[in-house]
Each structure stands twice: as C-alpha cells, then as structure tokens.
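Welcome, and thanks for taking a look. Here is a short briefing on the ligand site and the charged pairs of this model.

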Amino acid sequence: MTDLDSVRDHYRATGLTDRLKTALAALGPEDRRLTPEQLGPLDQFHTRGLAATADLAKLAGITADTSVLDVGSGVGGPARFLAATYGCRVTGVDLSEAFEEAARYLTTRTGLNGQATFETGDALNLPFDGGAFNAVFLQHVAMNIADRPRLYREMRRVLKQGGKFATFDIVSNEGEPHYPVPWARTPATSFLLTAAQTREAIEPAGFRTLAWQDDTETAKTWFTQLRAAWPPPSPNLSVVMGPDFGELAVNLGRNVAEGRLGVLIAVFEAA
Ligand SMILES: C[S@@+](CC[C@H](N)C(=O)[O-])C[C@H]1O[C@@H](n2cnc3c(N)ncnc32)[C@H](O)[C@@H]1O
C-alpha cells in the first residue's frame with residue numbers, strides 16, 4: 001500500500017452520507033436550513049473548531065472578492081463557513097470520496113450550493129490551472145503528507161502572485177506522539193515537521209511570511225475545556241470518524257499538553 005492509499009484508508013468513512021442523514025435528524029427535518037455554527041462540532045475537523053477557521057480567515061484578510069481553494073477540505077465545514085461569512089466563492093478539494101460526497105450533502109443542507117463546491121483530488125497534483133485562486137487554505141492536512149516541498153510548491157502554483165496561503169497545522173515538538181491521533185491511527189500515516197522545518201519548507205516554494213503565530217497555548221486551553229465538557233454537542237466528529245474519535249481527540253490533547261506536539265497558525269504571500 002502506498003502512503004496515499006494508507007491515508008485514503010484512514011478517511012474512508014464508509015456510508016458517511018447516510019450516517020449524517022440519520023444523525024442530523026436530531027437538528028430538525030431534512031428541509032430545515034442548517035447553519036455553520038450548528039454543524040461546527042461535526043464539520044470543522046481540526047483543533048479549536050470553528051474559532052480557528054474564523055481566526056485564520058481574519059489573518060488572511062478574506063473578503064467577498066477572494067476566490068478561495070480549501071485543500072484537504074474534509075466534509076466542508078471551513079469552506080461553508082468562509083462562503084457564509086464573507087460571501088466569497090470557495091472550492092474544496094479532498095482525497096476522500098466519502099468526504100467529498102458528504103461535503104456536497106451538507107452544503108445543500110446549509111443552502112450554500114454554488115458558493116461552496118467540492119471535488120476529489122490529491123494536494124500534490126491539484127486539478128486546477130496555475131494562478132487560479134487568490135487564497136489557499138490548508139488546515140490540519142500537511143501532517144498526512146510526506147513530500148512537503150512538493151505540497152508547498154503546489155500551493156504556490158495554484159495561487160496568483162500576491163495571493164495568500166493560510167495554514168493551520170500540527171507540528172512536532174519534544175518526543176514521540178501517543179497514537180492513535182485524529183489524522184493517523186499509527187505513525188505510518190503521520191508525517192510531522194517542527195514549526196521551524198515547516199517554515200523552511202514553505203518559504204523556498206515562493207512565499208513571504210506575513211503572519212506566524214504559535215497557537216499551542218490557546219489549543220491547550222481548548223483541549224482542557226473540551227475534555228471537561230466531553231462529549232461535545234451531538235452530532236459531532238464521531239459520526240465522521242467512528243466511535244473511537246474520543247480516544248483520538250484525547251490523545252491529541254495529551255500530546256499538546258505534554259509538549260510533544262505544537263499548533264501553528266501562519267499566513268504567507270505568494271511572491
Ligand atoms: C484532519 S482532516 C481536516 C479537514 C479540513 N481541512 C478541516 O479542517 O475541517 C484532514 C483532511 O485532509 C485530507 N487529505 C489528506 N491527505 C490529502 C491529500 N494528499 N490530498 C488531499 N486531501 C488530503 C483528508 O482526506 C482529510 O479530509
């Protein structure tokens with residue numbers, strides 16, 4: 001099995017759209033429009049949920065005129081939040097066909113069809129022309145990708161000159177992480193870099209650093225609160241990832257608390 005097959009397997013999510021239909025019945029009938037806030041616990045698949053996407057969008061200066069590509073868009077929560085909040089057009093691309101299908105279904109449920117669209121594809125081989133976007137988002141995806149120089153060159157290729165590359169990522173720190181974690185049940189699909197190594201991989205791809213923030217302390221507080229209030233409001237990411245999602249999230253929180261992993265939020269300009 002290649003690295004790509006193993007990552008795809010981790011996010012295979014068999015029968016996801018049907019599971020979502022069943023779980024979302026708790027929020028009302030099929031024809032009632034859902035909001036990004038209602039869906040946040042289940043469709044923002046990263047540390048700090050909706051708040052982190054909102055922070056990254058502000059840092060990247062998203063406006064109604066920004067055409068955004070969300071790489072590794074998951075089930076589409078960040079793309080829908082940007083489209084609903086700023087009125088911009090967002091394209092999501094993800095390796096997982098099940099996630100892409102779920103993203104389309106959830107987008108219909110939020111009435112955002114046409115503003116947020118989704119495709120299947122590999123971040124290392126994006127199905128888009130060069131210079132097609134004003135902004136690229138990459139949230140909690142790079143840790144599944146071994147070839148970082150190629151990943152960041154691909155982010156640069158699809159951006160117009162002066163466009164923004166906004167990333168929110170887990171980085172390695174002191175010591176080996178405890179597994180399983182939300183992006184990898186074993187180290188075989190986890191390809192972490194330190195914060196310094198991440199920057200060293202991004203800048204040579206043709207980027208200038210605009211914002212660089214260590215988000216680890218904010219993340220620690222969030223994990224403490226999440227654990228104290230566990231389980232999160234239903235439906236949540238257990239619908240997407242399965243009943244062991246609690247264990248995956250607790251391990252990530254523990255890794256951050258013990259200083260094994262850190263959290264980085266950064267924005268770059270395409271030179
Ligand atoms: C932890 S989830 C984050 C999803 C989304 N960015 C969010 O924050 O809600 C990681 C996502 O990256 C996707 N992914 C991993 N490797 C990828 C690749 N090579 N190309 C495209 N997507 C990839 C996975 O399928 C998964 O949806």
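A residue counts as buried under 20% relative accessible area, as exposed over 50%, and as partly exposed in between. Arg-199 has 30% relative accessibility, so this residue is partly exposed. Please keep in mind that this is a predicted model.

**The ligand and its shell**

- There are 23 residues around the ligand, and those that come nearest are Phe-45, His-46, Gly-72, Asp-94 and Ala-123.
- Sorted by class, this shell is made up of 10 nonpolar, 10 polar and 3 charged residues.
- A polar backbone atom of Phe-45 sits 2.8 Å from an oxygen atom of the ligand.
- Two further backbone contacts involve ligand nitrogen: a polar backbone atom of Leu-95 is 3.2 Å from a nitrogen atom of the ligand, and a backbone N or O atom of Gln-139 is 2.9 Å from a nitrogen atom of the ligand.
- The ligand taken alone exposes 600 Å², of which the protein buries 99%.

**Asp-94, a charged residue beside the ligand**

- Asp-94 belongs to strand β2, which covers residues 89-94.
- Which side chain of opposite charge is nearest to Asp-94? That is Arg-8, 8.3 Å away, and Asp-94 is buried without a salt bridge.
- The Asp-94 side chain does reach the backbone nitrogen of Gly-74, at 2.8 Å.

**Salt bridges**

- How many salt bridges does the structure hold? The count is 14.
- Arg-109 pairs with Glu-30 in a salt bridge whose closest N and O atoms are 3.6 Å apart. This pair links distant parts of the chain, 79 residues apart: Arg-109 is in helix α6 (residues 97-109), while Glu-30 is in the loop between α2 (16-24) and α3 (36-43).
- The two partners differ in cover: Arg-109 is buried at a relative accessible area of 5%, whereas Glu-30 is partly exposed at 46%.
- Asp-43 and Arg-80 form a salt bridge with their closest N and O atoms 3.0 Å apart. Asp-43 lies in helix α3 and Arg-80 in helix α5 (residues 77-86), so the pair ties together parts that are 37 residues apart in sequence.
- Asp-43 is buried, with a relative accessible area of 2%, and Arg-80 is buried too, at 1%.
- Arg-199, introduced above, forms a salt bridge with Glu-203, and the closest N and O atoms are 3.3 Å apart. Glu-203 has a relative accessible area of 31%, so it is partly exposed.
- Elsewhere, salt bridges with shared partners join Arg-48, Asp-55 and Asp-215 into one network.

How values were computed. Residues are numbered from 1 along each chain as its sequence is written. This is a predicted model: local features need pLDDT of at least 70, side-chain atom pairs count only at pLDDT 80 or more; totals for chains, interfaces and linings use all residues. Side-chain values use heavy atoms; hydrogens and water are left out. A residue is near a molecule or strand if one of its heavy atoms lies within 4 Å of it. A polar contact is a pair of N or O atoms within 3.5 Å; within protein, one must be able to donate a hydrogen and the other to accept it, and residues adjacent in sequence count only if both atoms are side-chain atoms. Accessible areas come from the Shrake-Rupley method with a 1.4 Å probe; for residues, only the protein chains shown count as cover. Ala, Val, Leu, Ile, Met, Phe, Trp, Tyr, Cys and Pro count as nonpolar, Asp, Glu, Lys and Arg as charged, and the others, Gly among them, as polar. Helices (H or I, at least four residues) and strands (E, at least two) are DSSP runs, numbered from the N terminus. Buried means under 20% relative accessible area, exposed over 50%, partly exposed in between (1.4 Å probe, protein chains only). Lys and Arg count as positive and Asp and Glu as negative; His and the chain ends are not counted. A salt bridge is a side-chain nitrogen of Lys or Arg within 4 Å of a carboxyl oxygen of Asp or Glu.
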